[in-house]
Amino acid sequence: MGSSSSAAAFAVIVLVFGLSSAGFCNGGKTSIYVRKVEKTVDMPLHSDVFRVPSGYNSPQQVHITQGDHVGKAVIVSWVTEDEPGSSTVLYWSENSKQKKRAEGKVTTYKFYNYTSGYIHHCTIRNLEYNTKYYYVVGVGHNMRKFWFTTPPEVGPDVPYAFGLIGDLGQSFDSNSTLTHYEQNPLKGQTVLFVGDLSYADNYPNHDNVRWDTWARFVERSVAYQPWIWTAGNHEIDFAPEIGETKPFKPYTHRYHVPYRASKSTAPFWYSIKRASAHVIVLSSYSAYGTYTPQYQWLEEELPKVNRSETPWLIVLMHSPWYNSYNYHYMEGETMRVMYEPWFVQYKVDVVFAGHVHAYERSERVSNIAYNIVNGICTPVMDQSAPVYITIGDGGNIEGLVTNMSEPQPAYSAYREASFGHAIFDIKNRTHAYYSWHRNHDGSAVVADSMWFFNRFWHPVDESPSSQ
């Protein structure tokens, strides 16, 4: 074979190899771990995790969340079934024997042929930072005692560990996820929950009994540490075919959040400060276009973030903006177009979302150059942009998503079709350690991790290729 023929053959080989290799992946890593495909099944109503506490009118479904903007208040919520009873909470600090009282309010609601129990909400205020408190509900009948620890005072170098859970539901896999979170040696101190709680709407007539069972199931965690709530699509409960036309009715009756403390006008978008983090919660299922209340609130909220006080800027939402699974694909696109320029401008560190029942972590990317006519519509690496993490892998009845778009997009750093939870462990104003733990064979395996460098105080490229 002559030299010209050899060169031509070599060119063909290179071309064929290039085309074939391009077909595999032009993004990051798709995990080689393959979870065994099994049907996800809800736990039956007689399961131990749904057990009703014994005794007349005993409080059940106890849960807490932050009750103000800075972490010195807690909202305590619970349900009584037999009669309203007392909405009083007794509480005292670990080092004090003096019991204080806080008075709450009680409400009920009806949904189709279901009538709720008596739902109590009580805000405990003026708490001391970094203090363990005991609290009692059910005063006058069967009292139950719990405890929680308030966060450290808001400050730039305060270490704090957040747990991340989404799309949990109440299946056997859900139970595995919650157990792994509870047993994680990194010990998350507060859960950032990215929406889709009970999945009661998957049952005929949105069977609200499944709201009750879910709240009893998670009580073992959320009665002892705050869960910060985000509303997902399974909280909408819009069912005109059975006469239920008020969206979010069960969710808003059962789960209160401190939205007024951040000048929000609705409980679906709000913010809190906790330790060294400023957490913004957004609603994928409320109006977010220009002139809407959510838009105006976020436009005013972002400039208020003081990175000298709370260096870590975290955003929670339900529907992801960057998603390479063929499931709920591009459902978050219109919200991304509206708000992504702000996220880059204000250097959001990380965005956590759910909705897609799998796991994915992006590179730091943005797609904000497009203006209809210029054709610039491809995400690009951007060190002022957040990392986007989809963690809708709690284990709910709808099961796991396994169908991924191929090749893997360049913006996708890691993806895996498994159930699990994550920990975002803030060390100081410059560094945080993030780890995702898959559910596997009775233990939580660290399947993905990275060191986050704060976008305001240490805006260095964290990607492996830069190291």
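Which residue forms a salt bridge with Glu462? In this predicted model, the partner is Arg455, and the closest N and O atoms of the pair are 3.4 Å apart. Both ends of this bridge lie under cover. Glu462 is buried at 10% relative accessibility. Arg455 is buried as well, with a relative accessible area of 1%.

The Glu462 bridge belongs to a wider set. A search of the whole structure finds 17 salt bridges. Another of them joins Arg438 to Glu416, with 2.5 Å between the closest N and O atoms. Arg438 sits in strand β24 (residues 431-440) and Glu416 in strand β22, so the bridge ties together parts that are 22 residues apart in sequence. Arg438 and Glu416 are both buried.

Helix α6 supplies a further pair. Glu340 forms a salt bridge with Arg336, and their closest N and O atoms are 2.5 Å apart. The two residues are four apart in helix α6, so about one helical turn separates them. Glu340 is buried, with a relative accessible area of 0%. Arg336 is buried too, at 5%. The pair does not stand alone: a network of salt bridges links Glu333, Arg336 and Glu340.

Helix α6 (333-345) also takes part in the packing of helix α5. Within α5 (residues 293-301), the buried residues are Gln294, Tyr295, Trp297, Leu298 and Glu301. Viewed down the axis of α5, these buried residues fall within an arc of 165°, so they line one face of the helix. The buried residues of α5 pack against two strands, β15 (270-274) and β16 (277-281), as well as against α6.

Several loops carry backbone features of note. The peptide bond from Glu406 to Pro407 is cis, with omega near 0°. Pro407 lies in the loop that runs between β21 (387-391) and β22 (412-416). Strand β22 is also the strand that holds Glu416, the partner of Arg438.

Positive phi values occur at two residues that are not glycine. The phi of Asp167 is near 50°. Asp167 is placed in the loop between β12 (160-165) and α2 (172-183). This residue is buried, with a relative accessible area of 0%. Phe248 has a positive phi of about 65°. Its loop runs between β14 (227-228) and α4 (249-254). Phe248 is likewise buried, at 6% relative accessibility.

A glycine in another loop was examined through its contacts. Gly67 is found between β2 (60-66) and β3 (74-80). Its relative accessible area is 11%, so Gly67 counts as buried. Neighbours within four places in sequence were left aside. Gly67 is then in contact with Ala73, Val74, Ile75, Thr123, Arg125 and Pro258. Val74 and Ile75 fall in strand β3, at the far end of the loop that holds Gly67. Gln189 lies 122 residues from Gly67 in sequence, and the C-alpha atoms of the two residues are 16 Å apart in space.

Cysteines were also considered. The search of the whole structure finds zero disulfides. The surroundings of two cysteines can be set side by side. Cys122 is buried, at 0% relative accessibility. Cys377 is partly exposed, with a relative accessible area of 45%.

The surface includes a nonpolar patch. It is formed by Tyr370, Ile372 and Val373, which together have about 360 Å² of accessible area. Ile372 belongs to the loop between β19 (359-366) and β20 (380-381). At 64% relative accessibility, this isoleucine counts as exposed. The contrast with the charged pairs is plain: Ile372 is exposed, whereas Arg438 and Glu416 are buried.

Note on methods: Residues numbered from 1 in each chain as written. Predicted model: local features only at pLDDT ≥ 70, side-chain atom pairs only at ≥ 80, totals over all residues. Heavy atoms only, no water. Buried < 20%, exposed > 50% of the residue type's maximum accessible area, 1.4 Å probe, protein only. Disulfide = S-S within 2.5 Å. Arc of directions from axis to C-beta. Contact = heavy atoms within 4.5 Å. Salt bridge = Lys/Arg side-chain N within 4 Å of Asp/Glu carboxyl O. Patch = residues over 30% accessible without salt bridge, like charges linked within 9 Å, V, L, I, M, F, W, Y side chains within 5 Å. Areas by Shrake-Rupley, 256 points an atom, 1.4 Å probe, with all protein chains shown as cover.
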